[in-house]
Amino acid sequence: MQAAVKVLTPQEERIIKGQLTEELTTEEGRNQRKRVNKLLANFRSRPPRVNIERALLFTESFKETESMPMVLRWAKAMENILNKIKFVEDKAMVVNHMGFVSPCYALMHSYNCYIYGRIKEMYPFYLGNVTEKKLDQIWTEPIYINFRLAVNNFHFPSCTDCKFLDGCSYVDNNDGDCWGNSPSCAECLWSRQLVLCP
Ligand code: SF4
Ligand code: SF4
């Protein structure tokens, strides 16, 4: 194993110097960094969640990159996660701590996406609950089969290239699109091929 080098990220350096706390907790700091503070407030108001599969992939990568600068280690860990995490095409599904089944991580919880500066609300998509039905029953429900068919054939419009985008209310959230999908994967990062699924 290579010896670890002490290289801090800009954020870590600012934390050590006490700058980050000042930027995020004083009134002046809050006014200067409204967007970041809003994101942090939203993040802190929710119960913490741990994604075990993601944590394992992250740790796996960190074990291999101890001698690298921290920014590279984070990037490589993210690359490892995005390359190895399983999606619809791998016949994967996600079950949350309450037993609700979703087709992927992106549809497991609610959150906001920012697409070219435009905010989009993402709603979860649950196909059943393992406390009520067996997994194979949920997997073979027509709604789930049809959703997998749409994803595997990528049957979603390309909203970011659409000339009606500015006046279209479909893009406010992932509830639906003009092709009749509900939910719609049209602007998912994976669907835009920033990360790949399927
Ligand atoms: S949902 Fe709206 S923005 Fe997306 S392709 Fe259809 S009309 Fe265009
Ligand atoms: S395209 Fe995105 S939202 Fe749709 S199934 Fe794949 S990861 Fe989930």
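Biologist: Hi! Where does proline 183 lie?
Modeller: Hello! In this predicted model, proline 183 sits in the segment that follows helix H8 (142–152).

Biologist: Thanks. And what kind of peptide bond joins serine 182 and proline 183, cis or trans?
Modeller: The bond between serine 182 and proline 183 is cis, with omega at about 0°. For background, most peptide bonds are trans.

Biologist: Good to know. Switching to the ligand: which residues surround ligand 1?
Modeller: Around ligand 1 you'll find Pro157, Cys159, Cys162, Phe164, Leu165, Cys168, Tyr170, Val171, Asp177, Cys178 and Ala186.

Biologist: How does that shell around ligand 1 split by class?
Modeller: Ten residues of the shell are nonpolar and one is charged, with no polar ones.

Biologist: On to the backbone. What is phi at lysine 91?
Modeller: Lysine 91 has a phi near 60°, so a positive value in a residue that isn't glycine. In general, most residues other than glycine have a negative phi.

Biologist: Where is lysine 91 found, and is that residue buried or exposed?
Modeller: Lysine 91 belongs to the loop linking helix H6 (70–84) and strand S1 (94–95). Lysine 91 counts as exposed because 9 other C-beta atoms lie within 10 Å, and the cut-off for exposed is 12 or fewer.

Biologist: Nice. What about phi at tyrosine 116, and where does that residue lie?
Modeller: Tyrosine 116, also not a glycine, has a positive phi of about 50°. Its place is the loop between strand S3 (111–115) and strand S4 (118–122).

Biologist: And why does tyrosine 116 count as exposed?
Modeller: Because tyrosine 116 has 7 C-beta neighbours inside 10 Å.

Methods: Residues are numbered from 1 along each chain as its sequence is written. Chains are lettered from A and ligands numbered from 1 in the order in which they are written. This is a predicted model: local features need pLDDT of at least 70, side-chain atom pairs count only at pLDDT 80 or more; totals for chains, interfaces and linings use all residues. A residue is near a molecule or strand if its C-beta atom, placed from the backbone, lies within 6 Å of it. Ala, Val, Leu, Ile, Met, Phe, Trp, Tyr, Cys and Pro count as nonpolar, Asp, Glu, Lys and Arg as charged, and the others, Gly among them, as polar. Helices (H or I, at least four residues) and strands (E, at least two) are DSSP runs, numbered from the N terminus. A residue is buried if 20 or more other C-beta atoms lie within 10 Å of its own, exposed if 12 or fewer, and partly exposed in between; C-beta atoms are placed from the backbone.
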